[in-house]
Amino acid sequence: MSKMFQPMELFVGLRYTRSQRQKHFISFISLASMIGIAIGVLVLITVLSVMNGFEQTMRERIMGMLAHVTVSEHDLGVSDWQNVQKELLDFPHVKAVSPFIEKPAMLNQGDEARAAVLQGIVPELEQNVSTVFQHVVKDKGDMMKLQPGSFNIAIGATMAKELKVDVGDALTLVSPSENALETGEMPALQRFTIAAIFRVDMQQFDTTTAYVNLEDAAKTFGMNADVTGLRMTLDDLYLAPKTAETILQRMGQAWPDMWANDWTNLNKNQFKAIQAQKSVMFIILLLIIAVAAFNLVSTLVMVVTDKEGDIAILRTLGLSSGRVMQIFMVQGTLIGVFGTLIGVALGVLLSTNLDVIVPFLERLFDTHFINADVYFISELESRVNPGDVMVIALSALFMSILATLYPAWRASKVQPAEALRYE
């Protein structure tokens with residue numbers, strides 16, 4: 001046989017794939033199998049990219065609002081925080097340290113009242129630890145106005161909307177003491193003026209978090225010079241567990257009641273839930289590709305039935321059963337390869353343009369797909385992970401090759417005499 005036909009299995013397999021068969025139904029089923037694989041790959045890439053974007057957005061926003069490492073005492077306040085701050089700044093990888101007071105409270109305006117977590121901060125130090133300063137709504141104040149004695153307050157946009165207040169309005173803070181039921185002590189009451197409104201696009205912060213100056217919070221809660229704890233930001237957030245452990249080892253002896261926690265513990269369950277959802281979605285959506293691959297089995301079985309005469313002739317010319325098997329494996333694999341390549345191309349294209357497509361669909365149907373009250377974020381974000389794309393593509397190719405084995409084996413078992421009897 002001419003060298004141009006070598007390897008012959010590849011040549012015949014390609015010829016069968018692109019030939020115009022008389023039985024158009026078989027051609028249609030082959031096309032349907034290819035489209036099915038492409039759709040499965042497209043959907044899987046898009047969904048995983050959206051989940052990657054969701055996880056990244058959650059991580060960035062949570063890390064922007066929460067400290068990498070937090071140091072405090074068990075059920076006690078931290079006194080002389082200035083000296084503790086100096087000690088913490090001497091640890092490797094620690095970039096900034098900011099003291100804070102954290103207390104539950106009730107914010108009241110007229111007939112409206114909302115529960116809040118009040119954060120007493122030093123603005124000049126806190127801006128090096130938290131990104132909330134960057135999320136102040138345009139023309140809605142300035143968090144640097146939270147100066148000592150000003151009794152100014154910054155609240156989330158959702159809370160401001162629910163309380164029907166704006167910058168310059170006054171709020172009453174109500175905070176009962178921990179032993180109020182036993183001692184009959186009256187709750188702390190303090191009037192604050194709204195100096196800024198921020199929007200992080202995460203419900204837990206926009207709805208329940210409020211900021212005041214550290215000294216104003218200490219006066220309101222009668223904490224004197226104590227603070228709840230100190231927050232730190234590191235030059236590498238993934239070093240947080242090791243840094244927290246190092247701080248405990250070095251300062252724990254002189255500070256027996258010391259407690260150090262890092263962001264991986266504070267949000268462990270949340271990020272584990274996202275990873276679990278991603279794994280489950282991958283398995284479920286992989287079944288779409290499996291269904292398309294199963295359809296490929298029926299396609300190739302019909303092709304083998306249609307080509308029994310050709311197979312018989314090739315066998316009489318001396319072609320081994322193994323090489324016949326390879327011919328139909330080539331044909332099935334090509335369908336899988338083209339379907340996978342089309343799915344990967346369309347999936348990556350769709351995933352990288354979701355920021356344009358989703359707003360267009362929202363305007364077209366006059367709806368909003370992402371509810372911040374449920375998903376913690378208000379905008380759909382996507383992040384294509386090359387590793388995920390590679391795993392999806394290889395999985396689709398593997399299932400496509402696996403689907404060719406039975407039809408190809410059946411083709412190799414065709415008996416020439418039986419097949420040519422009715423030709």
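1. Terms and caveats first. Buried means under 20% relative accessible area and exposed means over 50%, with partly exposed in between (1.4 Å probe, protein chains only). Helices (H or I, at least four residues) and strands (E, at least two) are DSSP runs, numbered from the N terminus. What you're looking at is a predicted model: local features need pLDDT of at least 70 and side-chain atom pairs pLDDT 80 or more, while totals for chains, interfaces and linings use all residues. Residues are numbered from 1 along each chain as its sequence is written, and side-chain values use heavy atoms, leaving out hydrogens and water.

2. Start with helix α9, residues 240-251. Its 12 residues should span 16 Å at 1.5 Å a residue (times one less than the number of residues), and the end C-alpha atoms are indeed 16 Å apart, so the two values agree. A240, T243, A244, I247 and M251 are the buried residues to look at in α9. They sit on the same side of the helix, because they cover an arc of only 100° around the axis (taken from the directions from the axis to the C-beta atoms). K242 and Q249 are exposed on the other side of α9. As background, an α-helix has 3.6 residues a turn, so residues three or four places apart point the same way.

3. Now the membrane annotation. The UniProt entry, which is unreviewed, puts "transmembrane region" at residues 25-51, 280-304, 324-350 and 389-409; such annotations may be inferred rather than shown by experiment. For two of these spans we can look at the model. Residues 280-304 come out as 100% helix and 0% strand, with 36 Å between the end C-alpha atoms. Residues 324-350 are also modelled as 100% helix and 0% strand, and there the end C-alpha atoms lie 39 Å apart.

4. How many cavities of 30 Å³ or more does the structure hold? Just one, where a cavity is a set of points on a 1 Å grid at which a 1.4 Å probe fits but cannot get out. The largest cavity has about 30 Å³ of space. Its lining (residues with an atom within 4 Å of a point) is made up of I45, L48, S49, N52, V384, N385, D388, V389 and I392. Helices α2 (24-65) and α16 (386-412) are the elements that give two or more residues to this lining, and α2 has the largest share, with four. By class, five of the lining residues are nonpolar, three polar and one charged.

5. The second largest pocket offers about 440 Å³ of space. A pocket here is an open set of grid points with protein on both sides within 12 Å along at least five of seven lines. There are 21 lining residues, and L66, E102, Q119, R231 and L266 lie nearest the centre of this pocket. At least two lining residues each come from β1 (69-73), β2 (94-109), β3 (112-121), α7 (203-206) and β8 (209-213). The class count is nine nonpolar, nine polar and three charged.

6. Two backbone angles deserve a look. Most residues other than glycine have a negative phi. D139 goes the other way, with a positive phi of about 65° although it is not a glycine. D139 belongs to strand β4 (residues 136-141) and counts as exposed at 73% relative accessibility. K164 has a positive phi too, near 60°, and is likewise a residue other than glycine. K164 sits in the loop between α5 (157-163) and β6 (170-175), and its 65% relative accessibility makes it exposed.

7. Finally, two buried residues with partners further along the chain. F192, in strand β7 (residues 188-198), has a relative accessible area of 0% and is therefore buried. F192 and A154 are 38 residues apart along the chain, with 9.5 Å between their C-alpha atoms. V414 lies in the loop between α16 and α17 (416-420). Why does V414 count as buried? Because its relative accessibility is 9%. V414 and V304 are 110 residues apart in sequence, yet their C-alpha atoms are 9.1 Å apart in space.

Technical notes. Points joined across faces, edges and corners; volume = space filled by probe spheres on them. Nonpolar A, V, L, I, M, F, W, Y, C, P; charged D, E, K, R; others polar.
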